[in-house]
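Student: I am new to this structure. Can we go through it with short questions?

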Amino acid sequence: MMQASARRSSRRSFLSPALWIPAGLALALLGLPLMALVVRAPWAQLPELLRQPTVASALGLSLGTALLSTAISLVLGIPLALVLARSDQWPAVPRRLLRALVTVPLVLPPVVGGVALLLLLGRNGLIGQFLPFQLPFTTAAVVIAQVFVAMPFLVLAVDGALRASDRRFEVAAATLGASRFTVFRRITLPLVAPGVAAGALLCFCRALGEFGATITFAGSFPGVTQTLPIATYLQLQTDPDAAIALSLVLMVISATALVSLRDRWVPGVTA
Amino acid sequence: MRRAAPAFVAVAVLLSGCAAPAPGVATTTTDTLAGTVTVSAAASLTDTFGTIADAFTTEHPDVTVTFNFGGSSALAAQIVEGAPVDVFAAASAATMTTVVEAGLTEGEPTAFATNTLEIAVPPGNPGGVAGLADFTRPELSIALCAAEVPCGAAAMAAFAAAGIAPEPDTLEQDVKAVLTKVELGEVDAGLVYATDVRAAGDRVDGIEFAGAAAAVSVYPIARLAASTRNAAATAFVAYVLSPAGRKILDDAGFGAPQQ
């Protein structure tokens, strides 16, 4: 802890005033569009706009699916992060391939991800043609699309935390006779808990904002697959004010979730 | 060197003009049009306007036409919010009205094409769809355009005229998204424009239905007031409305609006 805070204060003193200019520009680029949204929001009609039944149904669907996607990402993503973090001893090719596989959904245009999911799980898809049920146009498809797009955020955050954690605790526990699962449950998991929390929140926010993969793979139907971002997009076609009101809801939820991260952005430093 | 370039171009244009007179517009020899025309056009015009732009730029080699294709409503919203666009071609009068009411068009919009709806099914028609009535069968997967976009509004009108309440599984954001779902075989039927069925070739089968005339879409085109490259933009609109443009629209399946 001492070391960490010392490192942080020394970094602050080395921040050259010249860096404030690009930093300020970066902040303006990120913040001003959101400010424009807030300024242009139809505050007077806001309660009325948000009371439409479509809003409640889209918001409920978005929160429900994003929470479920985050839960699935936790169950599947933490083990994947463990494999990823311990892949250092692997030969270069499979190690890089694994890392690329985890990272690609981050950079892939979500619409392409949606098409890929259709080609795999659609009615005529590689796997989908053997399924006894139809996945596209169901709420399950919304969750799958969200997990595909959002899970990498969790995996990379937990992977970062694992790499920053001290492996000697695990070795010590093992030499004292703890089973591998006990080591994972009692030592590894508590060590990386802040990383898991940060990753889960990022994953949740990304799932909440998911649009492209969802509309391509799951479609858009009120109450079933029409999440808040999709409802926002459709509202923009006819009623921009209502679309801005919906965007505000999304923004407030995401901002609340992210602000609750406090200073846990860099797991391992604050842990 | 730079200064000599226009002279070379002029000579080249003159020579080519003499060797093979361009059909239709015979003003190639005095062509002074240059610059870029930015056109926002309805998604259903994607292929046709591409062809029109190719023909237009063959006659006016110094003009570049760039396109922004999408749902007409989204395009109208972009224009109202200040998108730098020279020409707007919409799939409905309603979306064009948004732009007209914002005072952003130059002159009255002109109707240049009509389109009717057609049922699109995957090749072989696995769902055994025969007409609009099949859109109520719950076991079929059905894709329609969302009511917020023109193809969805037209679909609503067609169903209302036929007295049928469809049971769609998804309401897509534009007509091409509906077509994609049909092409991939993810839905048994979708309601798209006749021109989309023709453009998709053998990737989808089209089924015409009685009552399609109840929901004819009229496409208006207008030059936008903010356009700073007036001459080329005006020429592009004129070309779309010319006999040469009409022929390309005809070939794609677009009807001629009643004058």
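Student: Are Phe49(B) and Phe112(B) buried or exposed?
Tutor: This is a predicted model. Buried means under 20% relative accessible area. By that cut-off, both Phe49(B) and Phe112(B) are buried.

Student: Which parts of chain B does the pair of Phe49(B) and Phe112(B) tie together?
Tutor: The two rings form a tilted aromatic pair, with 5.8 Å from centre to centre and 45° between the planes. The partners sit 63 residues apart in sequence, so the pair ties together helix H2 (residues 46–59) and strand E4 (residues 105–115) of chain B.

Student: Why is the pair of Phe181(A) and Phe184(A) tilted?
Tutor: Both residues lie in helix H9 of chain A, about one helical turn from each other. Their ring centres are 6.1 Å apart. Planes under 30 degrees apart would count as stacked, and over 60 as edge-to-face. These planes meet at 40°, so the pair is tilted.

Student: Does Phe181(A) count as buried or exposed?
Tutor: Exposed takes over 50% relative accessible area. Phe184(A), at 21%, counts as partly exposed. Phe181(A) has 53%, so it counts as exposed.

Student: What is the area buried between chain B and chain A?
Tutor: Each chain brings 20 residues to the contact. Carbon and sulfur atoms give 54% of the buried area. The area itself is about 1800 Å².

Student: Which residue forms a salt bridge with Arg40(A)?
Tutor: The interface of chain B and chain A holds two salt bridges. In one of them, the closest N and O atoms are 3.1 Å apart, inside the 4 Å cut-off. The partner of Arg40(A) is Glu81(B).

Technical notes:
Residues are numbered from 1 along each chain as its sequence is written. Chains are lettered from A and ligands numbered from 1 in the order in which they are written. This is a predicted model: local features need pLDDT of at least 70, side-chain atom pairs count only at pLDDT 80 or more; totals for chains, interfaces and linings use all residues. Side-chain values use heavy atoms; hydrogens and water are left out. Contact means heavy atoms within 4.5 Å. Buried area is the accessible area (1.4 Å probe) that two parts lose on being put together, summed over both. A salt bridge is a side-chain nitrogen of Lys or Arg within 4 Å of a carboxyl oxygen of Asp or Glu. Rings of Phe, Tyr and Trp (its six-membered ring) pair if their centres lie within 6.5 Å; planes under 30 degrees apart count as stacked, over 60 as edge-to-face and the rest as tilted. Helices (H or I, at least four residues) and strands (E, at least two) are DSSP runs, numbered from the N terminus. Buried means under 20% relative accessible area, exposed over 50%, partly exposed in between (1.4 Å probe, protein chains only).
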